[in-house]
Amino acid sequence: MHDYSEPSLTAPPPPGCPAGDPGVGLLPRSLRCRGGYGLSQPVDVFKLTRELIDIPSVTGEEFHLGTSLGELLIRLGYRVELQEIDSERANVIATTADQPKVVLSTHMDTVPPFIAASEDEEFIYGRGACDAKGIIAAQIAAVEKLRGDGVNEIGLLFTVDEEVTSVGAKALNELPLATSCRYLINGEPTDNRLAIGTKGSLQVTIKTGGLAAHSAYPEQGVSAIEKLLDVLADVRQIEWPADETFGETTCNIGVISGGTRANVVPDEAQTVLQIRLATGAQAAKDLLERAVAGRASLEYKSVHDPVRLLALDDFEQTIVRFTTDIPYLTNWGTPLLIGPGSILDAHTEHERVAKSELLKAVEIYRELVQRLLDRTT
Ligand SMILES: [Zn+2]
């Protein structure tokens, strides 16, 4: 069992770690002394997946996972940089002595709650099994094999915060190292199929206002909730645009709230919609604004258009509906998206990844990197 209560950046060093440790590689202090969990070596993709799952890393709490990965990659002989995002978490960037022309990337954070690792013959279970800790393990194993074959123009990028706002990816995009890179292979669970596109996404909060009054005298007030229900009825009638490649645009009414108590006419109400876009965001915004017709305020949160990705022959293809770090990693070269596991298992209580898919992913990543490096020469 790991002791998850310690250590933190401000905690005194654990036993055996000198105070003011001079540091390892590019890191300010020895990672073990800053909270690395000591991941096993050499890389066994099943064992590493389980070890990564057992380091909790719900978004905002990626510190221990980042330092543990950094420490492992240093031991494996990579140049490792931890790009600090805030005092408690950092992106992990691992390269060789050469400038990377192809990088493999995925995210370290998970949705809550933490679920410890377990396994049977066929699957590894636990939070992050497929989204995306099995992918981290498969990517490291693939790059290890490639380095064994003498391939060095490769790198690994592990981000924080993908599940929330991708602040990790946004910061990573600013690194000068990105400009030398030609291809980005991002890992998310696609059942090991090469995604040739990802749908866009638009999140919007719709707020209505009213006038509070005693419920026995409703004519004295204006109900914000009834206004919101009228607006939503019209939003549900919208015929969203479709696209041949990306399919239907869909709208989820994910949150609805308002009012204070049953006997008061409510003076405020709001809803949050998540729209998965098959076409550009502007068309969806226009349709929404027409439906709302000035009866409510609209506040857009995350907005991005659908992304077309590089397709290669000989790989099974798919279109995915979820979003990734890819829109924020534009400086790292042409993006591709592929990974083991199913998005339908991600974010669930039974999250899992098939062992056979993990092994296959190692070979897929290896082959993809080779194919892409061939294209750069
Ligand atoms: Zn993910």
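Me: What makes β11 and strand β13 a pair?

Reply: Let's start by saying that this is a predicted model. In it, β11 and β13 (residues 268–277) are joined over 8 bridges, running in the antiparallel sense. Pairing asks for at least two bridges, so with 8 bridges these strands count as a pair. One place to look is N252, which stands opposite Q274 in β13.

Me: Why is the sheet with the order β11-β13-β9-β14 called open?

Reply: This sheet has 4 strands, and the pairing is antiparallel. Look at its two ends: β11 (250–258) and β14 (297–304) each have a single partner strand, so one side of each has no neighbour in the sheet. On average, neighbouring strands here are turned by 15° against each other, direction ignored.

Me: How do you know that β4 and β18 are edge strands?

Reply: Follow the strand order, which is β4-β5-β18 in this open sheet of 3 strands. Both β4 (118–119) and β18 (352–354) pair on one side only. The pairing in this sheet is antiparallel.

Me: How many bridges join β4 to strand β5, and what makes that enough for a pair?

Reply: There are 2 bridges between β4 and β5 (residues 123–125). The rule asks for at least two, so the 2 bridges meet it. One match to find is E119, whose bridge partner in β5 is I124. Helix α3 packs on this sheet too, touching β5 and β18, and its direction makes about 50° with that of β18.

Me: What makes both faces of strand β7 count as covered?

Reply: Check the residues side by side. Y183 and I185 on one side of β7 (residues 183–186) are buried, and L184 and N186 on the other side are buried as well. A residue earns that word when 20 or more other C-beta atoms lie within 10 Å of its own, so each of these four names has reached that count.

Me: Which strands pair with β7, and in which direction do they run?

Reply: Strand β3 (residues 102–107) is joined to β7 by 4 bridges, and the two run parallel. There, S105 has N186 as its bridge partner. Strand β17 (residues 334–337) is also joined to β7 by 4 bridges, again running parallel. On that side, I185 has L336 in β17 as its bridge partner. In general, strands of a sheet pair through backbone hydrogen bonds, either parallel or antiparallel.

Me: Why are α1 and α3 called oblique to each other?

Reply: The axes of α1 (residues 45–53) and α3 (residues 129–148) cross at roughly 135° and come within 9 Å. Roughly perpendicular stops at 115 degrees and roughly antiparallel starts over 145, so roughly 135° falls between them and α1 and α3 are oblique. The crossing of α1 past α3 is right-handed. Residues in the contact include L48 and L52 of α1 and I136 and I140 of α3. Sorted by class, this contact has 10 nonpolar, 2 polar and 1 charged residues.

Me: What makes α1 roughly perpendicular to α7?

Reply: Here α1 and α7 (residues 355–376) pack at about 110°, and their axes are 10 Å apart. The perpendicular range runs from 65 to 115 degrees, so about 110° puts α1 roughly perpendicular to α7. The contact is made by V45, F46 and T49 of α1 and K355, L358, L359 and V362 of α7. Its classes are 5 nonpolar, 1 polar and 1 charged residues.

Me: Why are α3 and α7 called oblique to each other?

Reply: Their angle is about 50°, and their axes lie 8 Å apart. Roughly parallel needs an angle under 35 degrees and roughly perpendicular begins at 65, so about 50° makes α3 and α7 oblique. Their crossing is right-handed. Among the residues in contact are A138 and L146 of α3 and Y365 and V369 of α7. By class, the contact has 10 nonpolar, 2 polar and 2 charged residues.

Me: How do you know that α1 is mostly covered?

Reply: Of its 9 residues, 7 are buried. They are V45, L48, T49, R50, E51, L52 and I53. The cover includes α2 (63–75), β4, β5, α3, β18 and α7.

Me: How many helices and strands does the chain have?

Reply: The chain has 7 helices and 18 strands. Of its 377 residues, 44% count as buried. Among contacts between residues at least 6 apart in sequence, 76% join residues at least 24 apart.

How values were computed. Residues are numbered from 1 along each chain as its sequence is written. This is a predicted model: local features need pLDDT of at least 70, side-chain atom pairs count only at pLDDT 80 or more; totals for chains, interfaces and linings use all residues. Axes are lines fitted to C-alpha atoms, for helices over the stretch in contact, and angles run from 0 to 180 degrees between N-to-C directions. A crossing is left-handed if the near helix is turned anticlockwise from the far one by less than a right angle, and right-handed if clockwise. Two residues are in contact if their C-beta atoms, placed from the backbone, lie within 7 Å. Ala, Val, Leu, Ile, Met, Phe, Trp, Tyr, Cys and Pro count as nonpolar, Asp, Glu, Lys and Arg as charged, and the others, Gly among them, as polar. A residue is buried if 20 or more other C-beta atoms lie within 10 Å of its own, exposed if 12 or fewer, and partly exposed in between; C-beta atoms are placed from the backbone.
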